[in-house]
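Hello,

Here is the structure I promised to pass on to you. Have a look at it first, and my notes follow below.

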Amino acid sequence: EQKLPDVPHVQNPDRVAAAEMAIEEFDTQLIILDDAFQHRRIHRDLNIVLIDAIEPFGFDRVFPRGTLREPLSGLARADIVALTRANMTDAAARFEVRGAVEKHHPEVPWVELTHAPQTLLSASGAQHGVKSLFRTPVAAFCGLGNPAGFRHTLDECDYIVSQWREFPDHHNYSREDVEALDEWARGSDAEAVVCTHKDLVKIGTDEIGGKPLWALCVGMDFIWGQ
């Protein structure tokens, strides 16, 4: 909502009901669904499947034995397959993932993407260049499904991560969590605290432990298939 303030943002586990509301209330002509490949009740004109290069096939098992939401044969329904965090693997590994995808969908268009750092953002809206914390000790935390990706981005920026904490994906930060982070940061040698934009909007403060809190905002860059 912060990135696209003029675009209606609807949340509802029932994607059909959400789409109907978007059409009726906002006169919507284009609907983009996040995480809806398995929602068969709603017709899609384009299915873009993202595969994380760090953990591409969820241990080759469907929940609960692995992290796949359906068997890999479901890739046959994809219109485009995009490999994210592609810069975190070498060309041989990317080729191997592509080959596995093409076993299920030989002609599917293939895209390779990277998470590119763009800016440092505070809760009050101030922005600094990514390089402003270059080789600076920082305390970093995140609540993501794949925290290793965020840690890799911090290393790419050449930040010195002196303290590191992980929370569960979609974590809602309580007052106790913020107080614990405050004590954690205050006792570190970090000059700043860094999190993701996803975390910052839930905490909504400019400081943690008396140190500035910044979200490292990222965008998507193409390596292949633009």
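Let me start with a question: does Arg 135 count as buried or exposed, and what is its relative accessibility? Arg 135 comes out as exposed, at 56% relative accessibility. Please keep in mind that this is a predicted model.

First, the chain as a whole. There are five helices and nine strands, and from the N terminus they follow one another as α-β-β-α-β-β-β-α-β-α-β-α-β-β. The C-alpha trace spans about 50 × 50 × 35 Å along its principal axes. Of the 226 residues, 40% are buried. If you take contacts between residues at least 6 apart in sequence, 66% of them join residues at least 24 apart. The accessible surface is about 13600 Å², with 51% of that belonging to carbon and sulfur atoms. As for charge, the chain carries 22 positive and 36 negative charges, and the mean positions of the two sets are 5 Å apart.

Now to the salt bridges, of which the count is eleven. Arg 135 is in one of them, with Asp 158 as its partner and an N to O distance of 3.2 Å. Asp 158 sits in the loop between helix 3 (147-156) and strand 6 (160-167), and Arg 135 in the loop between strand 4 (127-128) and strand 5 (137-143), so this pair ties together parts 23 residues apart in sequence. Asp 158 is partly exposed, at 30% relative accessible area.

A second bridge joins the side chains of Arg 40 and Glu 70, at 3.7 Å from N to O. This one links distant parts of the chain, 30 residues apart: Arg 40 is in the loop between helix 1 and strand 1, and Glu 70 in the loop between strand 1 and strand 2 (80-84). The two partners contrast in accessibility: Arg 40 is exposed at 56%, while Glu 70 is buried at 13%.

Within helix 3, Asp 155 and Arg 151 lie four residues apart, about one turn of the helix. Their closest N and O atoms are 3.8 Å apart, in another salt bridge. Asp 155 is partly exposed at 44%, and so is Arg 151 at 27%. Returning to Arg 40 and Glu 70, shared salt-bridge partners join these two and Arg 77 into one network.

Lastly, a nonpolar patch: Leu 46, Ile 48 and Leu 50 make about 310 Å² of it on the surface. Leu 46 belongs to the loop between helix 1 (15-26) and strand 1 (48-52), and is partly exposed at 48% relative accessibility.

Best wishes

Definitions and conventions. Residues numbered from 1 in each chain as written. Predicted model: local features only at pLDDT ≥ 70, side-chain atom pairs only at ≥ 80, totals over all residues. Heavy atoms only, no water. Patch = residues over 30% accessible without salt bridge, like charges linked within 9 Å, V, L, I, M, F, W, Y side chains within 5 Å. Areas by Shrake-Rupley, 256 points an atom, 1.4 Å probe, with all protein chains shown as cover. Salt bridge = Lys/Arg side-chain N within 4 Å of Asp/Glu carboxyl O. Helix = DSSP H or I, 4+ residues; strand = E, 2+ residues; numbered from the N terminus. Buried < 20%, exposed > 50% of the residue type's maximum accessible area, 1.4 Å probe, protein only. Contact = heavy atoms within 4.5 Å. Lys, Arg positive; Asp, Glu negative; His and termini not counted. Charge placed at Lys NZ, Arg CZ, Asp CG, Glu CD.
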